[in-house]
Amino acid sequence: AGLVQKDGEGQYHLTHYGQLILGQLKGIEALTKNEEYFSKCSTSMLPYEFISRIGELVEGTALATIPDELNAIEGAIKMADQYIWAMSSHNLNITNPQIIAKAKAGVNIRFIAPEGIYLPDSVAPIPTTLPGINKRELKKVEIMILVTDHVAGFGLPTPDGKLLTHSLVGTERRFMKWCEDLFKYYWERAR
């Protein structure tokens with residue numbers, strides 16, 4: 001199959017082709033490790049480049065309950081030193097005081113939400129008049145993403161379009177980069 005080759009001493013080694021094939025197994029490992037999560041969600045809205053990079057999620061851990069989710073969100077915001085990037089179809093009001101404190105401390109904050117969800121700055125709980133707060137809108141938001149400089153996570157919808165009550169989170173660099181890149185993908189397309 002061209003995956004291994006025998007050297008002059010009779011030892012077998014992976015070929016370059018074999019290394020490439022082996023590298024693709026990370027995607028299968030990531031999916032099987034979190035089979036319960038991925039079997040309940042739809043990935044149809046993910047751009048192909050992120051499906052092809054699914055192996056980067058191998059170190060992710062599924063959160064199974066809403067309290068786990070809320071604790072993870074609160075903890076991620078509390079730990080953030082440099083940035084907090086979030087995309088959600090609904091407002092996470094419980095984090096408003098922490099977000100305001102982080103913005104005042106110089107943390108870069110970016111939000112993406114569906115069109116029409118933001119209140120005018122005069123009455124918004126988190127106004128864009130605070131330095132470091134940036135908000136953008138997309139016509140439709142189907143995925144939840146939270147990325148900080150210490151942890152990242154995302155949640156996908158079910159096949160019928162409802163957001164799952166749990167998500168995948170991780171602190172490993174490749175996992176976080178996948179989430180960061182996904183957020184940037186949507187940030188560039190948002191207004």
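**Helix H6, its salt bridges and its aromatic neighbours**

Ser88 turns up in the loop that runs between strand S4 and helix H5 (96-104). The model is a predicted one, and in it Ser88 is buried, because its relative accessible area is 8%, under the 20% limit. Setting aside residues up to four places away in sequence, Ser88 touches Ile112, Ala113 and Pro114, and also Val141, Ile143 and Met144.

Lys102 belongs to helix H5. Is this lysine buried or exposed? Lys102 has a relative accessible area of 16%, so with the limit at 20% it counts as buried. Beyond its neighbours within four places in sequence, Lys102 is in contact with Ile77, Lys78, Met79, Ala80, Ile84, Val107 and Ile109. As for Thr15, it sits 87 residues from Lys102 in sequence and 50 Å from it in space, C-alpha to C-alpha.

Next comes helix H6, which covers residues 173-189. The 17 residues of H6 should span 24 Å at 1.5 Å a residue, and the C-alpha atoms at its ends are indeed 24 Å apart, so expectation and model agree. At the N-terminal end, H6 is capped by Glu172, which places a side-chain oxygen 3.1 Å from the backbone nitrogen of Arg174. The buried residues of H6 are Phe175, Met176, Trp178, Cys179, Glu180, Asp181, Leu182, Phe183, Tyr186 and Trp187.

Phe175, for one, is placed in H6 and is buried, since its relative accessible area comes to 0%. What does Phe175 contact once its neighbours within four places in sequence are left aside? The list takes in Glu56, Leu57 and Gly60, then Ala152, Gly153 and Phe154, and finally Leu168, Val169 and Gly170. For Ala152, the separation from Phe175 is 23 residues in sequence, while the C-alpha atoms of the two lie 7.5 Å apart in space.

On to the charged side chains: the salt bridges number 11 in total. One of them joins Lys177 to Asp181, with 2.9 Å from N to O. Both residues belong to H6 and are four residues apart, about one turn of the helix. In an α-helix there are 3.6 residues a turn, so residues three or four places apart point the same way. The two partners differ in accessibility: Lys177 is partly exposed because its value is 37%, between the limits of 20% and 50%, whereas Asp181 is buried, given a value of 15%. Another salt bridge links Arg53 with Glu56, whose closest N and O atoms are 2.8 Å apart.

At the far end of H6, Arg189 pairs with Glu188 in a salt bridge whose closest N and O atoms are 3.9 Å apart. Salt bridges with shared partners tie Arg53, Glu56, Lys177 and Asp181 together in one network. Back at the Arg189 pair, Arg189 is partly exposed, as its relative accessible area is 46%, while Glu188 counts as exposed because 60% is over the 50% limit. Arg189 also has an aromatic partner: its charged end sits over the ring of Tyr185, 3.6 Å from the ring centre.

That leaves the aromatic rings, which form 10 pairs in the structure. Tyr83 and Trp85 make one of these pairs, with ring centres 4.7 Å apart; the planes meet at 35 degrees, so the pair is tilted. Both Tyr83 and Trp85 are buried. Trp85 also pairs with Phe183, this time in a stacked arrangement, at 5.4 Å centre to centre and 20 degrees between the planes. Which parts of the chain does this second pair link? They are distant ones: Trp85 lies in strand S4 (residues 83-87) and Phe183 in helix H6, 98 residues apart. Both rings belong to buried residues, since the relative accessible area is 9% for Trp85 and 0% for Phe183.

Elsewhere, ring pairs gather Tyr37, Phe38, Phe50, Phe154, Phe175, Trp178, Tyr185 and Tyr186 into a cluster. Some names here are already familiar: Phe175 is in contact with Phe154, Tyr185 carries the charged end of Arg189 over its ring, and Phe175, Trp178 and Tyr186 are among the buried residues of H6.

Methods: Residues numbered from 1 in each chain as written. Predicted model: local features only at pLDDT ≥ 70, side-chain atom pairs only at ≥ 80, totals over all residues. Heavy atoms only, no water. Salt bridge = Lys/Arg side-chain N within 4 Å of Asp/Glu carboxyl O. Helix = DSSP H or I, 4+ residues; strand = E, 2+ residues; numbered from the N terminus. Buried < 20%, exposed > 50% of the residue type's maximum accessible area, 1.4 Å probe, protein only. Expected span 1.5 Å × (residues − 1). Polar contact = N/O pair within 3.5 Å; in protein donor to acceptor, adjacent residues only side chain to side chain. Phe/Tyr/Trp six-rings, centres within 6.5 Å; stacked < 30°, edge-to-face > 60°. Lys NZ or Arg CZ within 6 Å of the ring centre and 35° of its normal. Contact = heavy atoms within 4.5 Å.
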